[in-house]
Amino acid sequence: MFSIQTPLENERALLVPLVEADFDDLYAIASDKKVWEQHPNKDRWQETIFRTFFEGAMQSKGAFKIIDKETDLVAGSTRFYSYNQEDNSIQIGYTFLATQFWGTGLNPAVKELMLAYAFQFVDRVYFQVGAGNLRSQIAVGRLGATKIAEQEVAYFGEQPKLNFVYELKKQ
């Protein structure tokens, strides 16, 4: 049975289903303006804006708190969303990490964990990345994903922004 909020773990990362009590830990990370500097919604560092984002994460029923197993620290959040049974696909995204974890290999470890799980149930995974978010575009490219489209995406409670759509097919 495919559950988009099953706890996941590998040697580097622990993904725990997001709960309301995680708000303060995640906002401590999200309040750093640098986290959002390339994101289409650059004002998520503001508590009221981040609260809307967090509410969307909770309502998605596919969001996770990321714990870095090397430090036992909360490192950020990510989620599965938009499962499409007809297309046999799912999306991975809404990922953000504390800047101290950038370039440490945590993000690829998280994505590899999520992909390994998802590909037990689907044939393709999509990523929506902000048109100006070069850091994330490079990261999904390193996973082997290919840009297939551009589209306006309306994030939960926010205005639509241009995103690039990447696809990764099951090997």
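## Salt bridges

A salt bridge here is a side-chain nitrogen of Lys or Arg within 4 Å of a carboxyl oxygen of Asp or Glu. The side chains of Glu37 and Lys34 fit that description, with an N to O distance of 3.6 Å. Since you will be looking at coordinates, please keep in mind that this is a predicted model. Glu37 counts as partly exposed, at 36% relative accessibility. Lys34 is partly exposed too, with a value of 40%. Turning to shared partners, Arg12, Asp68 and Glu70 are joined into one network by their salt bridges.

How many salt bridges does the structure hold? The count is 10, and a couple of them deserve a closer look below.

## Links between distant parts of the chain

Let us start with Lys69 and Glu9, whose side chains form a salt bridge at 2.7 Å, N to O. Lys69 sits in the loop between strand 3 and strand 4 (73-84), while Glu9 belongs to strand 1 (residues 8-9), so this pair ties together parts that are 60 residues apart in sequence. Lys69 itself is partly exposed, as its relative accessible area is 31%.

Next comes Asp68 with Arg12, another salt bridge, for which the N to O distance is 2.7 Å. This pair also links distant parts of the chain: Asp68 is in strand 3, Arg12 is in the loop between strand 1 and strand 2 (13-17), and their positions lie 56 residues apart in the numbering. Are these two partners buried or exposed? Both Asp68 and Arg12 are buried.

## Positive phi outside glycine

If you like to check backbone torsions, here are two residues to visit. Lys61 is not a glycine, yet its phi is positive, at about 60°. You will find Lys61 in the loop between helix 2 (47-60) and strand 3 (63-68). Its relative accessible area is 57%, and because the cut-off for exposed is over 50%, Lys61 counts as exposed.

Tyr94 is the other residue to visit: its phi is near 55°, again a positive value in a residue other than glycine. Where does Tyr94 lie? Its place is in strand 5, which covers residues 89-97. Tyr94 has a relative accessible area of 19%. Buried means under 20%, so Tyr94 falls in the buried class.

## Putting the two together

For a side-by-side view, Lys61 is an exposed loop residue, whereas Tyr94 is a buried strand residue. Each has a positive phi, with Lys61 at about 60° and Tyr94 near 55°.

Notes:
Residues are numbered from 1 along each chain as its sequence is written. This is a predicted model: local features need pLDDT of at least 70, side-chain atom pairs count only at pLDDT 80 or more; totals for chains, interfaces and linings use all residues. Side-chain values use heavy atoms; hydrogens and water are left out. Helices (H or I, at least four residues) and strands (E, at least two) are DSSP runs, numbered from the N terminus. Buried means under 20% relative accessible area, exposed over 50%, partly exposed in between (1.4 Å probe, protein chains only).
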